[in-house]
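Subject: Structure handover and what was found in it

Dear colleague,

I am passing on the structure we spoke about, with the sequence and the coordinates together in one place. Please have it open while you read the notes that follow.

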Amino acid sequence: QAKSMHAHLRLGASRRRCGTTRAQQDGDVAPMEGPTRKKTPASGGRGGSRPRRARVFTKSDGIQHLGSSQRAKKRPFPAPPTGGPPLRVLPIGGLGEIGMNCMLVGFYDRYVLVDAGLMFPDHEELGVQKVLPDTSFLAQWRDKIEAVIITHGHEDHIGALPWVVPALDPNTPIYASTFTMQLIQKRMKEFNLWNHNRFCK
């Protein structure tokens, strides 16, 4: 009798742990809801009430990443002779290759720079991290460039901006769509080159 009583007590305890009684398990009584615990907002971390700040990993002070990218011998501007066609297209990179999209499109001697992308090296270029357009050419002829237009936010269209923007005149505006500009903003902050007055949506 003591053994059967002990088994009955263990069964009752297991039913209480499950939140039901024997009558409730038989369907005679509706199950009782247990006490509700008030959730307190976490002080931080995932799901906390404190908003998480986006981290920006700084890679440069705005100058030190440039290296020798703007140093080169002066070269004549490869434009048609005087009296040639008014519309001119001059690829700086990305022609006949995947990546490094960068092109000057002009009307006579006034140009717009379309995209400023980089190209990732292949297996033959060991030790090379990025392949950039010729920014020294852009620096030499910055007075001919009226604006920069970015078509979309892929790396082969915006990846070279930290090297291209310093090569241009400080007043040259950069235009892009809202989403693309968000990607550009994050990239330029990494190199301490973000200026909200210069980058236009």
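Helices and strands here are DSSP runs, at least four residues long for a helix and at least two for a strand, and they are numbered from the N terminus. With that convention, the order of elements in the protein chain, read from the N terminus, is α-α-β-β-β-α-β-α-α-β-α-β, which comprises 6 helices and 6 strands. Please keep in mind throughout that this is a predicted model.

**The chain as a whole**

The protein chain has 201 residues, of which 33% are buried. Among its contacts with a separation of 6 or more, 61% are between residues 24 or more positions apart. The surface that the protein chain exposes comes to about 14100 Å², and carbon and sulfur atoms supply 56% of that area.

**The nonpolar core**

The largest nonpolar core contains 30 residues, and the members that touch the most other members are Leu104, Leu113, Leu138, Ile150, Leu161 and Ile184. Two or more residues of this core come from each of strand 1 (87-93), strand 2 (102-107), strand 3 (110-114), helix 3 (135-140), strand 4 (145-149), helix 5 (161-164) and helix 6 (178-190). If you would like one residue to start from, Leu161 may serve, since apart from residues up to four places away in sequence it touches Ala116, Ile150, Pro166, Ile184 and Met188.

**A buried threonine in a loop**

Thr172 is found in the loop between helix 5 and strand 5 (174-175). Is Thr172 buried or exposed? Its relative accessible area is 3%, and because anything under 20% is classed as buried, Thr172 falls in that class. When neighbours within four places in sequence are set aside, the residues in contact with Thr172 are Ile145, Glu146, Ala147, Val148 and Arg198.

**A nonpolar patch and the aromatic pairs**

On the surface, Leu87, Phe107 and Tyr108 form a nonpolar patch, and their accessible area together is about 350 Å². Leu87 belongs to strand 1 and is exposed, with a relative accessible area of 67%. Phe107 is partly exposed at 49% relative accessibility, and Tyr108 is likewise partly exposed, with a relative accessible area of 37%.

A search of the whole structure gives 3 aromatic pairs. Phe107 and Tyr108, already mentioned as members of the patch, make up one of them, an edge-to-face pair whose centres are 5.0 Å apart and whose planes are at 75 degrees. Another is the stacked pair of Trp194 and Phe199, with 4.8 Å from centre to centre and 25 degrees between the planes. Trp194 is partly exposed, with a relative accessible area of 25%, whereas Phe199 is buried, with a relative accessible area of 5%.

**Salt bridges around helix 6**

The count of salt bridges in the structure comes to 4. One of them joins Arg187 to Glu155, where the closest N and O atoms are 3.1 Å apart. This pair links distant parts of the chain, as Arg187 lies in helix 6 and Glu155 in helix 4 (residues 155-158), with their positions 32 residues apart in the numbering. Glu155 is partly exposed, with a relative accessible area of 26%.

Glu190 forms a salt bridge with Lys186, in which the closest N and O atoms are 3.2 Å apart. Because Glu190 and Lys186 are 4 residues apart in helix 6, the separation between them is about one helical turn. Glu190 counts as buried at 7% relative accessibility, while Lys186 is partly exposed, with a relative accessible area of 48%.

Arg187 also forms a salt bridge with Glu190, with the closest N and O atoms 3.5 Å apart; these two residues both lie in helix 6, 3 residues apart, or about one turn of the helix. Through shared partners, the salt bridges join Glu155, Lys186, Arg187 and Glu190 into one network.

With best wishes

Note on methods:
Residues numbered from 1 in each chain as written. Predicted model: local features only at pLDDT ≥ 70, side-chain atom pairs only at ≥ 80, totals over all residues. Heavy atoms only, no water. Buried < 20%, exposed > 50% of the residue type's maximum accessible area, 1.4 Å probe, protein only. Contact = heavy atoms within 4.5 Å. Areas by Shrake-Rupley, 256 points an atom, 1.4 Å probe, with all protein chains shown as cover. Core = buried A, V, L, I, M, F, W, Y, C linked by side-chain atoms within 4.5 Å. Patch = residues over 30% accessible without salt bridge, like charges linked within 9 Å, V, L, I, M, F, W, Y side chains within 5 Å. Salt bridge = Lys/Arg side-chain N within 4 Å of Asp/Glu carboxyl O. Phe/Tyr/Trp six-rings, centres within 6.5 Å; stacked < 30°, edge-to-face > 60°.
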